[in-house]
Amino acid sequence: MSSHGDGTAEQTSSSVDPSTSSDTEADSGDIFTVTIGATVPTGFEPTAAEEVQEKIGVDARISKDRGRIYFPITTDKLFQVHLLRSVDNLFVVVEEYDHYQFKDSKEDTLLELQQLASKLPWTNALQVWKLNRTVKKKKGHRKGGNATKDKACGEASEAAAAAEAEQQEEAQEPSPAEGDAKAEGVPESQARQKDAEEASHEAKPLRFRVTCNRAGDKHSFSSNEAARDFGGAVQEFFQWKADMTKFDIEVLLNIHNEEVVIGIALTEESLHRRNISHFGPTTLRSTLCYGMLRLCKPEDSDIILDPMCGTGAIPLEGAIEFSNSFYIAGDNNDMAVNRTVNNVCHIQKRRADKGSTSGLPIDTVQWDLCNLPMRTSSVDIIITDMPFGKRMGSRKKNWDLYPSCLREMARVCRPCSGKAVLLTQDKKCFAKAISRMGGLWRKQHTVWVNVGGLHAGVYLLKRTAAVFGQTPEDIYESQRMVDIQSHDKELS
Ligand SMILES: C[S@@+](CC[C@H](N)C(=O)[O-])C[C@H]1O[C@@H](n2cnc3c(N)ncnc32)[C@H](O)[C@@H]1O
């Protein structure tokens with residue numbers, strides 16, 4: 001069991017011991033509508049809703065519980081949901097209550113949660129969970145498939161094509177054994193053995209756990225108690241086997257003040273880990289990178305710079321998802337540059353294994369951002385995650401770093417059309433640095449996000465028409481930088 005938070009927000013998983021079990025029959029041939037819930041980076045809920053509308057064609061509702069969205073799908077669209085770039089975790093909703101009236105006493109509330117387990121409309125959500133296992137299994141098994149038709153496509157569309165084809169094949173397949181053997185190109189005897197293993201596993205009782213996420217200060221119970229009592233009732237109702245670590249099915253009990261949502265998880269691991277194999281101390285979630293990229297709206301042939309790339313999470317996500325632009329990833333730290341190169345190579349290899357011959361539109365360089373080896377006005381978009389001065393750099397150093405890097409960014413960025421999307425938690429220092437830029441940058445929009453529990457800002461800046469190096473503040477600032485540098489030289 002685990003629990004976190006400040007007393008008003010916590011998460012707990014619970015399972016209780018099994019007796020016997022029964023599985024739920026699912027008829028994956030039926031198409032019906034269900035509600036999908038998705039956790040997304042806090043602050044980027046509207047961006048995620050926009051992506052859902054764009055890619056699945058439905059309106060998403062943003063939950064008042066920050067960091068979640070909900071949208072309806074028909075079950076034949078399930079594979080598309082896994083291809084969304086802004087979602088971390090996915091679940092199918094069993095039931096939701098906007099204004100759940102919790103009883104006054106803890107005992108009564110927990111008793112009611114126990115009684116709820118047997119009253120919930122589980123059938124459709126369980127069918128989706130079963131179908132989801134097939135979709136994920138099929139995607140995982142198809143190695144090197146669809147290579148020719150996917151060559152020109154991005155990774156997401158390759159996966160979409162493969163998954164869609166698989167879901168269509170599903171209806172016509174005589175048996176799962178034949179289907180898998182075909183997709184993988186493995187000998188039939190091996191496929192039969194694999195199927196036998198899976199069949200024997202499926203004959204065993206289903207293993208489950210309940211995870212309770214609770215936020216709100218008016219509850220008389222803890223997430224522990226809710227997960228334990230609700231989990232006990234779920235186990236009794238389905239006769240499933242409880243297992244905290246090796247579970248087949250995870251039931252979610254999400255409680256936010258008086259909103260209660262019961263769901264079944266469709267992802268085992270957050271989708272934000274998709275691109276990175278070589279992690280660094282401050283690797284940014286790919287889902288957050290996607291949100292930042294969408295904010296600056298990359299266009300075809302744009303030159304996009306991440307001058308403090310760390311592990312390359314931002315430019316990698318860009319090169320995969322907005323692949324008609326070209327990305328330059330740089331950092332002054334050789335370990336960071338190596339990690340980026342390794343991450344790029346890893347993705348290239350994954351693509352090559354799938355039969356793709358197209359490379360990623362990205363280059364990696366070691367440089368000092370305050371002195372970029374690039375022409376003035378040669379970059380369309382700068383997108384970066386600046387040192388917060390906590391785990392990376394220091395607050396003190398930021399007072400020099402921020403103004404000098406904002407100036408250098410203004411030099412290389414195209415006047416009038418250029419943009420910058422910058423993430424930082426050092427808001428005071430950032431605001432001061434911007435005010436000293438002599439009008440080279442104009443702040444357009446700020447998205448407040450949560451990065452590893454820290455409240456940070458994603459600032460969308462527009463490069464104004466001001467000519468670099470000619471405004472009074474600019475001249476003053478440039479002289480100040482020269483003074484600082486010569487002072488540093490004298491000291492060393
Ligand atoms: C917050 S981290 C970036 C993390 C990155 N977004 C990722 O996902 O891994 C900031 C990076 O800025 C780099 N950095 C700091 N000062 C720099 C400078 N003057 N020039 C270039 N890079 C710098 C650090 O080495 C560090 O990798």
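This section describes strand pairing, helix packing and the ligand shell in a predicted model.

In the N-terminal part of the numbering, strand 4 (residues 68-74) takes part in two pairings. Strand 2 (residues 33-39) runs antiparallel to strand 4, and 7 bridges connect them. Within this pairing, Ile 36 lies opposite Phe 71 of strand 4. Strand 3 (residues 61-62) is likewise antiparallel to strand 4, with 2 bridges between them. Here Ile 62 faces Ile 69 of strand 4.

An open sheet of 7 strands is also present, with the strand order 12-11-10-13-14-16-15 and mixed pairing. Strand 12 (362-366) and strand 15 (441-451) occupy the edges; each has a single partner strand, so one side of each lacks a neighbour in the sheet. The average turn between neighbouring strands of this sheet, with direction ignored, is 15 degrees. At one of these edges, strand 15 pairs with strand 16 (residues 454-463) in the antiparallel sense, over 10 bridges. Trp 441 is placed opposite Arg 463 of strand 16. Helix 11 (residues 313-321) packs on the sheet, where its contacts are with strand 10 (303-306), strand 11 (326-331), strand 12 and strand 13 (381-385). The direction of helix 11 makes about 170 degrees with that of strand 11.

A further packing arrangement involves two helices. The axes of helix 3 (residues 106-117) and helix 9 (residues 223-238) approach within 8 Å, crossing at roughly 30 degrees. Because angles under 35 degrees count as roughly parallel, helix 3 and helix 9 are assigned to that class. The crossing of helix 3 past helix 9 is right-handed. From helix 3, the contact involves Leu 110, Leu 113, Gln 114 and Ala 117. Their counterparts in helix 9 are Glu 225, Ala 226, Asp 229, Phe 230, Gly 232, Ala 233, Val 234 and Phe 237. By residue class, the contact of helix 3 with helix 9 comprises 8 nonpolar, 2 polar and 2 charged residues.

The ligand is surrounded by 22 residues, of which Met 308, Gly 310, Thr 311, Ala 313 and Leu 369 are the closest. The composition of this shell is 11 nonpolar, 8 polar and 3 charged residues.

How values were computed:
Residues numbered from 1 in each chain as written. Predicted model: local features only at pLDDT ≥ 70, side-chain atom pairs only at ≥ 80, totals over all residues. Axes fitted to C-alpha atoms, helices over the stretch in contact; angles between N-to-C directions. Helix = DSSP H or I, 4+ residues; strand = E, 2+ residues; numbered from the N terminus. Parallel < 35°, antiparallel > 145°, perpendicular 65-115°, else oblique. Left-handed = near helix turned anticlockwise from the far one by under 90°. Contact = placed C-beta atoms within 7 Å. Nonpolar A, V, L, I, M, F, W, Y, C, P; charged D, E, K, R; others polar. Near = placed C-beta within 6 Å. Pairing = 2+ DSSP bridges.
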